[in-house]
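Please open the model in your viewer and keep the selection panel at hand. The tour below goes from one selection to the next and says what is there.

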Amino acid sequence: MDLTTPRLRLHPLVPAEMQDLLHGRPADGHRWADGYPLDGTLVAVAMQVELTDHGVDPGPFGHYQLLLPGDDGAGVVIGDIGFHAPPDELGEVSVGFGIVPAARRHGYAVEALRAVLDFALARPEVRSVHADTDLVNLASQRVLQAAGMRLVADEGDRKVYEIHAP
C-alpha cells in the first residue's frame, strides 16, 4: 500500500521491483530522475533482497520509492526511504533515505521521513525508530531533526538519532 504526503507518493517495492531496480529497470509506469538510483539505494535494496531470500518477510517495513506524481498518472522517482529490517524484539526499527541531487533542498526528504515515522510509530510493534548518519553529513542531520528525531549518540564518525512512540 502506497503512503502519500501532500507532494509525494511513497511506493513500497515488492521483490520483483527490487530485482528490476538492481538490474537497472524502473517499475512499470515510473521514470527515474537523473541520478537515480543512488549508490545507497542499491545497497539498501540489496539488503532487502537478502532478507527476503533468507525467509524474512519485511511486511510494511521494506523499501519505498519517492515519486513526484506526474500529469499522466505516472510518477518520477526522486529518491527512496526504507527500513533496514522489520522491528526487532524490543520494538526498534531503523530507517535510511536518499534524494537525487536535483530534488534536494525542497523539503521532500523531511516530508517523506515524517510520513514513514508517523506510519511506523502508529504500529503497536514499534517502540522507537533510529537513524544514523555520517558526522559530516549535515544535510541529513538537518532532515532527521526537522522530522522530529533527536540526537542520542555521537559515535565518532556517526551520529545516531531516534524518536519514540507516544
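Within what distance do the axes of helix α1 and α2 come, and at roughly what angle do they cross? In this predicted model, select helix α1, residues 15-22, together with α2, residues 39-53. The two axes come within 10 Å and cross at roughly 140°. That angle makes α1 oblique to α2, because an angle has to be over 145 degrees to count as roughly antiparallel. Viewed for its hand, the passage of α1 across α2 is a left-handed crossing.

Now show the side chains where these helices meet. From α1, the contact takes in Met 18, Gln 19, Leu 21 and Leu 22, and from α2 it takes in Thr 41, Leu 42, Val 45, Ala 46, Gln 48 and Val 49. If you colour these residues by class, seven are nonpolar and three are polar, with no charged residue in the contact.

Next, select α3, residues 108-121, and add helix α4, residues 138-146. The axes of α3 and α4 come within 9 Å, and they cross at roughly 45°, which makes α3 oblique to α4. The crossing of α3 and α4 is right-handed, whereas α1 passes α2 in a left-handed crossing. On the α3 side, pick out Ala 109, Val 110, Leu 113 and Arg 114, and on the α4 side Val 143, Leu 144 and Ala 146, which together make the contact. By class, the contact of α3 with α4 has six nonpolar residues, no polar residues and one charged residue.

Stay with α3 and turn to the aromatic rings. Three aromatic pairs are counted in the model. Select Phe 61 and Phe 83 to see one of them: the ring centres are 5.1 Å apart and the planes stand at 75°, so this pair is edge-to-face. Phe 61 lies in the loop between α2 and β4 (63-69), while Phe 83 lies in strand β5 (residues 75-83), so the pair ties together parts that are 22 residues apart in sequence. Both rings belong to residues that are buried: Phe 61 has a relative accessible area of 2%, and Phe 83 likewise has a relative accessible area of 2%.

Keep Phe 61 selected and add Phe 119. These two form a tilted aromatic pair, with 6.2 Å from centre to centre and 50° between the planes. Because Phe 61 is in the loop between α2 and β4 and Phe 119 is in helix α3, this pair ties together parts that are 58 residues apart in sequence. Phe 119 is buried, as is Phe 61. With Phe 61, Phe 83 and Phe 119 shown together, you are looking at a cluster linked by ring pairs.

Which residues does His 30 touch, not counting residues up to four places away in sequence? Select His 30, which lies in strand β3 (residues 30-32). With a relative accessible area of 11%, His 30 is buried. Around His 30, and leaving aside residues up to four places away in sequence, you will find Arg 9, His 11, Gln 65, Leu 67, Gly 75 and Val 77 in contact with it.

Two stops concern the backbone. Move first to Tyr 36 and Pro 37, which are joined by a cis peptide bond with an omega of about 0°; Pro 37 lies in the loop between β3 and α2. Then select Arg 105, in the loop between β6 (92-99) and α3. Arg 105 has a positive phi of about 70° although it is not a glycine, and at 80% relative accessibility Arg 105 counts as exposed.

Finish by returning to the loop between α2 and β4, where both Asp 57 and Gly 59 are found. Asp 57 counts as exposed, at 62% relative accessibility, whereas Gly 59 counts as partly exposed, at 45%. If you draw a C-alpha to C-alpha distance from Asp 57 to Pro 87, it spans 11 Å, and the two residues are 30 residues apart in sequence. From Gly 59 to Gly 96 the C-alpha to C-alpha distance is 17 Å, with 37 residues of separation in sequence.

Note on methods
Residues are numbered from 1 along each chain as its sequence is written. Side-chain values use heavy atoms; hydrogens and water are left out. Rings of Phe, Tyr and Trp (its six-membered ring) pair if their centres lie within 6.5 Å; planes under 30 degrees apart count as stacked, over 60 as edge-to-face and the rest as tilted. Helices (H or I, at least four residues) and strands (E, at least two) are DSSP runs, numbered from the N terminus. Buried means under 20% relative accessible area, exposed over 50%, partly exposed in between (1.4 Å probe, protein chains only). Axes are lines fitted to C-alpha atoms, for helices over the stretch in contact, and angles run from 0 to 180 degrees between N-to-C directions. Angles under 35 degrees count as roughly parallel, over 145 as roughly antiparallel, 65 to 115 as roughly perpendicular and the rest as oblique. A crossing is left-handed if the near helix is turned anticlockwise from the far one by less than a right angle, and right-handed if clockwise. Contact means heavy atoms within 4.5 Å. Ala, Val, Leu, Ile, Met, Phe, Trp, Tyr, Cys and Pro count as nonpolar, Asp, Glu, Lys and Arg as charged, and the others, Gly among them, as polar.
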